There are 2 protein chains.
Amino acid sequence: MVGIRDIAKEANVSISTVSYALNGSARVSEGTRERILAIANEMNYIPNLAGQNLRRQKTDIIAVYLASYQGTFYGELLEGMHQKAVELGLELIVCSGKRSRLFLPQRLIDGILVLDVTYEKEELLKYADLGYPIVVLDRQLTHEHIRSVLLDNKAGSKKAVQSLVDEGIDKLYIISGPVLNHDSSERAEAAVEVAKASNIECEIIEGDFTEASGYSAGEKMDLEQDLKYGIFALNDEMALGIHNYMIEKAYHVGKDILIRGFDKNQVTEYLVPPVKSVSYSKHKWGAMAVESLQKMIKKEEVENKIVATRFEN
Amino acid sequence: MVGIRDIAKEANVSISTVSYALNGSARVSEGTRERILAIANEMNYIPNLAGQNLRRQKTDIIAVYLASYQGTFYGELLEGMHQKAVELGLELIVCSGKRSRLFLPQRLIDGILVLDVTYEKEELLKYADLGYPIVVLDRQLTHEHIRSVLLDNKAGSKKAVQSLVDEGIDKLYIISGPVLNHDSSERAEAAVEVAKASNIECEIIEGDFTEASGYSAGEKMDLEQDLKYGIFALNDEMALGIHNYMIEKAYHVGKDILIRGFDKNQVTEYLVPPVKSVSYSKHKWGAMAVESLQKMIKKEEVENKIVATRFEN
């Protein structure tokens, strides 16, 4: 690869002159800079990111780690992160997998956002111990260099289940996400709490946050005539699945079967009847996480943050 | 940062012994390897990605460049890429911005996928000239090291517009995407062709692929009573926008106003009446692109590919 040494030779100037020219330093005249840039371009010179890092210690690139891109959920979240990053002069990359985790200790990125249950706690703590700034969106983790930006899962879930209780349901079904998922655990816990407080029978059916798992949860429900059932699907993909199941099986959705979801995906408002869902701004969640990370990179004080959720009956 | 030199010193062995141990070479005994790994771990040693590249010449990481994450469109496409990458032993990262483009000439990634109108042709050709494998999803570009995987926009668009013509529309409105967008141009061109062949008046209203731009396109339409209009929105976000506009303004959607979209997003099938949309598998599109890129990385022959589109009336 062409280096600044080669450009210096070709331009017949010193290496430091080339360096000044490429870095926009005022120590070289505009004419010299233009001549050197033209030569660098002609020689297909590509600036060395790592080299620049050593000088600046920062790349102004941050990364978010995800386990999957499935569902409509991530688009808004990533766009919220992306827009805030651009606003703050940062660049966002999205990673999923283990090799790209090395970008952090390689100093190719300045900090990371984590929404990836497969990213082990031990590895995160190791990087935090080395002083790299980390923002987690999927777990609670206490460390000097780790901050969390988490959803207020409990408040929204309680309101959603209370709205079912208020409708006089005889039994509550909860369709959960993956067992180890932080959001799913918090939502389920809050739902069970509300059902217990009202002496309503409650059963959890395990799903995996996909529409298909919401649909097949329907097959596991034991529904008696003349009883009224509340179903709290812990995300909207699954709410859509169970809605479609109940419509197909000709249950009276909205009357004998009342469904609540979480995330307020676009499609839920177009269903007949609409599925009521706990909402929050995914865009804002992403933006808040990037904002926290940027402050940590700048060595400013940052608190853990909670993202508000709402439920409108 | 801790290097293998430090580990060698601490373990009282040669640098090459450490290197063999870390790389799993059979030249060191299992006992030695375990001892060295324990020391490396204790010292917080992090393997150098760039150093490994120099030996292997490959990182098995590929990147896709996007301009935005907005909309439901990208989730499926990225999941298709991600799953295929994992299947092929590759890791996918998603980038948006200019600094991360340097990952390619820095050899941090083995090749790139491009669906980003802001990625200039000149920069792509420069990297292609240097021999880096590139797959484009958003343009036609001929180069030894560039292959395309593009949608068959024309076939789907023609069928969608023909279905409107067959319904006896008096005028066709096309709501386009951004002017420079490859998919939008191809779809619009095919639509105009069909309208002309049937002597149907045709007007293009510029949108930007967002729901809001579809909605506001409605305000620019000059709709007379007793006439029948066909609207071809060049993606489904805009189809949803114009559908909502027409419903709000109490037009007879499905009778006087017939809407067709492109992409077959989940929500279109739940609309009343449903919006008919040109469909294709975003998942497959992503998977095909990754497959082509992997072959190029392995120096195998690859043709340009076309992804089939369908329209069911």
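Student: Which residues meet in a salt bridge here, and how do I recognise one?

Tutor: Look for a side-chain nitrogen of Lys or Arg within 4 Å of a carboxyl oxygen of Asp or Glu. In this predicted model, the side chains of Glu91(A) and Arg99(B) form such a pair, at 3.9 Å from N to O. The count between chain A and chain B is two salt bridges.

Student: How should I read the numbering and the model itself?

Tutor: Residues count from 1 along each chain as its sequence is written, and chains are lettered from A in the order written. Local features need pLDDT of at least 70, side-chain atom pairs count only at pLDDT 80 or more, and interface totals use all residues, while side-chain values use heavy atoms, without hydrogens and water.

Student: How many residues does each chain bring to the contact?

Tutor: Contact means heavy atoms within 4.5 Å. Chain A gives 52 residues and chain B gives 50.

Student: What area is buried between the chains?

Tutor: Buried area is the accessible area (1.4 Å probe) that two parts lose on being put together, summed over both. Here it is about 4,300 Å², with 58% from carbon and sulfur atoms. Within chain A, Tyr69(A), Arg99(A) and Tyr270(A) lose the most area to chain B, together 17% of what that side buries.

Student: How do the β2 strands pair?

Tutor: Strands are DSSP runs of E, at least two residues, numbered from the N terminus; two strands pair if DSSP finds at least two bridges between them. β2(A) and β2(B), residues 91-96 of chain B, pair in the antiparallel sense over five bridges. Cys95(A) has Ile93(B) as its bridge partner.

Technical notes: Helix = DSSP H or I, 4+ residues; strand = E, 2+ residues; numbered from the N terminus.
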